[in-house]
Amino acid sequence: MEPLALSSLTAISPLDGRYARHTSALRNLFSEFGLIHHRVKVELAWFEALSDEPQIEELAALSDADRGYLREIDARFDEAHAARVKALEATTNHDVKAVEYFLKECFAERQSLATGAEFLHFACTSEDINNLAYALMLASARHEVIDPTLTQLRERLTELAHRYQATPMLARTHGQPASPTTLGKELANVLHRLMRQHRQLQQVPVLGKLNGATGNFNAHYAAYPQVDWPSLSARFITELRLTPNPLTTQIEPHDWIAEYCDALRRLNTVLIDLARDVWGYISVGYFRQAAVAGEVGSSTMPHKVNPIDFENAEGNLGLANALLEHLAAKLPISRWQRDLTDSTVMRNVGSAVAYSQLAWVSLMRGLDKLAAGEERLAEDLAGNVEVLTEAVQTVMRRYGLHSPYEQLKALSRGRRIDLETLREFIRGLDIPDDARARLLAMEPADYTGNAAEQAQALVLPLLAGDES
C-alpha cells in the first residue's frame, strides 16, 4: 500500500491530526519550519553583530539597505524557503549547515553582502545556533501561547470562585464527610496554586550561549585575538532578549530548560488535581454540566452528559508531564563536552507544550459548562449533621468539660445522627448560655469558617486587575 499523503486525517500524532485546531498556534514555533526559521534568525543576527564590531575589519559595516535586506529574509521566510533548506540538507546531511548554504544563496543576490558571506556562521558550532534557536522558540511560546492561555484559564477559575465563594459544600477528607467549606473556596485553592506555579514558570530565565566548539572561543581568538569575544557574545545574546550563560561546553547545558519543563510540569500537576476533583464533584452532583445541543454523551445511554472535557484534560496533562519529566531529566546530561542524545529529544519540546495547551483548552471548555448543583449540595450538608461534632467538642474544650472528644466520638463515630440528637446533647452541656445558643443555632451549611472570606480575598483583587 502506498503511504497516505499527510493531512489532519493521516497524521500520526493527534496533535497534528484530530486536535490540530487547538495546537495550530504552536506550528510556527515548534514545527520543522519553525526550527529552521529560528536558525535563520540567529544566523542573520550573528552576521549583523559581527558587522558592528569595528575590529573585524574584513567585514564592512552594513548599510541601512543591507540591514533592511536581512530583515526581509527573515520576514519573508516561508515554506518554500524552508523546503530549499531541506533540499540542501539532503546533500549536506547536516541541518544547520544547510541553513548557512541557504543564506549564502540569498547573499549571492546582493553584491554588498556576497563579499562577506563567509562571515555567516563565523566561528560557530551548530549548537551555537541551535541552543539560541530553541531558546527563542521556548521564550516565544511562553509569551505568545502559554501565558495568554493560562491567563484565560485563571480568569475562568476566578469567575467561578467568585460566583460560588459563599456556596456551602460538604468537604470530604479521605473521601468521608468532613467540616464544610464553600465551592468557591475550593476553586480559589486551585487558583492560588496555579498562580504561584505560573509565576515560577514566568520567572525561569531563558539562557543562551555562543562560544564555539567547546565553549572557549578557540576559533574566534584564532581569527581575531584582539576582539573581546565574551563581551561581544554576551551583548549579542542579550540583544536577542536572552540571558547569556558564560560557562559551557559545546552545548548550553540545558539546566534552564529543565527548570522550564519542571515548572510547567508542576503547573500541570495542579491542573490534574483540579480535573480529578471536578470530575468527582460532577459524579456526586455538586456540579452540574450544561448539555450542549447535538452532543452525545453515550452511544447507548441517551441520558448521559459525561465529563469528557475533564477526562481529556487529565489524559493530555499526563502525556505532557511524561514528556516534560523526560526532557527535564535527560537534557542536562551530556557525555563529556557533547553528545547528540539531546538533539532528537529537544525536537519534542513542542509536543510537551502542545499537549499542555490541548489540556488547558479542554479544562476551559469544561469549566464553562459548570453550574453548582445547589439541591445536591444542600442535601449532603443536611444529611451529615455529625460534621458539627467537631465544633461542639472544641467549644467543650474551651470550657474545660471532661473528655469532650471522647463523648462526641461515642455519640457519632461511624454512624449518622440527626440535628435533634445533637441538639439534645448540646442542651445538656454545662457551658455559658451564649455558647450553647450559638451551637444550637448551628447547621452544617453555616459551619464554613472563613471559607467565603478566603475566596473573596483572593478573587476580588483579581477581578479588579490586581495580581500582586
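Hi everyone, this is a short tour of a few helices and two single residues in this structure.

Before we start, please keep in mind that this is a predicted model, where local features need pLDDT of at least 70, side-chain atom pairs count only at pLDDT 80 or more, and totals for chains, interfaces and linings use all residues. Residues are numbered from 1 along each chain as its sequence is written, and side-chain values use heavy atoms, with hydrogens and water left out.

Let's begin with a pair of helices. Helices (H or I, at least four residues) and strands (E, at least two) are DSSP runs, numbered from the N terminus. How do H8 and H9 cross? The axes of H8, residues 126-163, and H9, residues 183-202, come within 9 Å and cross at roughly 160 degrees. Here axes are lines fitted to C-alpha atoms, for helices over the stretch in contact, and angles run from 0 to 180 degrees between N-to-C directions. The angle makes H8 roughly antiparallel to H9, a term for angles over 145 degrees.

Which residues meet there? Contact means heavy atoms within 4.5 Å. On the H8 side they include Ile146, Leu150 and Leu157, and on the H9 side Leu187, Leu191 and His198 are among them. The residues of this contact divide into 13 nonpolar, five polar and three charged. For this count, Ala, Val, Leu, Ile, Met, Phe, Trp, Tyr, Cys and Pro are nonpolar, Asp, Glu, Lys and Arg are charged, and the others, Gly among them, are polar.

Next comes H16, residues 374-382, where Leu377, Asp380 and Leu381 are buried. Buried means under 20% relative accessible area, exposed over 50%, and partly exposed in between, with a 1.4 Å probe and protein chains only. Those three buried residues cover an arc of only 100 degrees around the axis, so they lie on the same side of H16. That arc is taken from the directions from the helix axis to the C-beta atoms. On the other side of H16, Glu375, Glu379 and Ala382 are exposed. The buried residues of H16 pack against strands S1, S2 and S6 as well as H9.

Now for our two single residues. Is glutamine 165, in the loop between H8 and S1, buried or exposed? Glutamine 165 counts as buried because its relative accessibility is 14%. Its contacts, leaving out residues up to four places away in sequence, include Thr182, Gly184 and Val459.

Glutamate 259 sits in H12, residues 255-283, and is partly exposed, at 39%. With the same sequence neighbours left out, glutamate 259 touches Val204 and Pro205.

Thanks for listening!

Definitions and conventions: Angles under 35 degrees count as roughly parallel, over 145 as roughly antiparallel, 65 to 115 as roughly perpendicular and the rest as oblique.
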